[in-house]
Amino acid sequence: MSQIALITGVTSGIGEAAAELLVKNGYRVIITGRRKERLVAIGDKLKLQHNGRVHTLHFDVRDKSAVDEAILGLPEDMADIDILINNAGLASGFDPVQDGDAEDWDKMIDTNIKGLLYVTRRVVPGMIERKKGQIVNIGSIAGREVYPNGNVYCATKHAVDALTKSMRLDLLDKGIRVSQIAPGAVDTEFSVVRFHGDESRAEEVYKAYEPLHAADVAETILFAISRPPHVNINDIFVMPTAQASATAFHKDAEDTW
Ligand code: NDP
Ligand code: 8X3
């Protein structure tokens, strides 16, 4: 039987691209997110285009009981998750700490750190029982560096980096692989969300150079999960060629950061 992957945050961007690539490659995929209509439309498209086994689960990763209920209620043929891709995440706001909005901070900390933990805590016991599995956490260049106004988002992605390393230690004797994919700038809905829906400001982020596309990151995820069982990809740090650090871009026009 094909492997089962649960991917969080499939209603757009990296999660959507990863779901499509995995279904194309024969994985059974559980897709999740908050926006139910989009999720169902993506699930229907994947089933139709690739004739794959796709199961949709609609929940907010911040809601611990909703996470538990959704994952415990999986149908039998999708319950034994082989691969967990912790992708759901966001930046909210782009202000210096002294002007930061506590609601934005809560959103980022609750989603990027606590949400990742809630989902992992629910999925990992089954992997331990079956003595196999893989967790792929989506980190970021923001987990390697900090940059002006990135403060809390960077802190959450540094936490993802720390949790990835910690999980690898905690799960060392359980036969479970733990990987991190840490991308630089990827052209998704990420910046629209960061700038609270300001699309023109978001467009500026990806202007005058070629950023990564969601499909590029999906390819790295597929690589990490398709290695032989004795090989663990600890970390993939993947950047646009035109980006050398969080703030250094080779742009045709003036730097917009
Ligand atoms: P998108 O905004 O396109 O996608 C984010 C996904 O996360 C959506 O499907 C969204 O679904 C989901 N999500 C957000 N909050 C929640 C929540 N509380 N519960 C469940 N799902 C949630 O951005 P990306 O694809 O770019 O982001 C994916 C991951 O990649 C994030 O962890 C991000 O930090 C990381 N990343 C992004 C980079 C970039 O430049 N774009 C670079 C490095 C890392 P919905 O709103 O429907 O719930
Ligand atoms: C998203 C990339 O550089 O905006 O994680 O933090 S960045």
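The following exchange concerns two ligand sites and one aromatic pair in a predicted model.

Biologist: On what conventions do the values rest?
Modeller: Residues are numbered from 1 along each chain as its sequence is written, chains are lettered from A and ligands numbered from 1 in the order in which they are written. As this is a predicted model, local features need pLDDT of at least 70 and side-chain atom pairs pLDDT 80 or more, while totals for chains, interfaces and linings use all residues, and side-chain values use heavy atoms, without hydrogens and water.

Biologist: How many residues surround ligand 1?
Modeller: A residue is near a molecule if one of its heavy atoms lies within 4 Å of it. The closest residues to ligand 1 are Thr11, Ser12, Arg34, Tyr153 and Thr188. By class, the shell has eleven nonpolar, twelve polar and six charged residues (Ala, Val, Leu, Ile, Met, Phe, Trp, Tyr, Cys and Pro count as nonpolar, Asp, Glu, Lys and Arg as charged, the others, Gly among them, as polar). The number surrounding ligand 1 is 29.

Biologist: How much of the accessible area of ligand 1 does the protein cover?
Modeller: Polar contacts are pairs of N or O atoms within 3.5 Å. Oxygen atoms of ligand 1 take part in such contacts at 2.9 Å from the side chain of Lys157, at 2.7 Å from the side chain of Tyr153 and at 2.8 Å from a polar backbone atom of Asn87. Of the 870 Å² of accessible area that ligand 1 has on its own (Shrake-Rupley method, 1.4 Å probe), the protein covers 96%.

Biologist: Which residues surround ligand 2?
Modeller: By class, this shell has five nonpolar, one polar and one charged residues. The surrounding residues are Ser140, Ile141, Ala142, Tyr147, Tyr153, Phe190 and Arg194.

Biologist: How much of the accessible area of ligand 2 is covered by the protein?
Modeller: An oxygen atom of ligand 2 is 2.5 Å from an N or O atom in the side chain of Ser140, and the side chain of Tyr147 likewise has an N or O atom 2.5 Å from a ligand oxygen. A polar side-chain atom of Arg194 lies 3.3 Å from an oxygen atom of ligand 2. Of the 250 Å² that ligand 2 has on its own, the protein covers 90%.

Biologist: How are the rings of Phe94 and Phe195 arranged?
Modeller: The whole structure holds four aromatic pairs, counted where ring centres of Phe, Tyr or Trp (its six-membered ring) lie within 6.5 Å, with planes under 30 degrees apart stacked, over 60 edge-to-face and the rest tilted. The centres of Phe94 and Phe195 are 5.7 Å apart and the planes are at 90°, so the pair is edge-to-face.

Key. A polar contact is a pair of N or O atoms within 3.5 Å; within protein, one must be able to donate a hydrogen and the other to accept it, and residues adjacent in sequence count only if both atoms are side-chain atoms.
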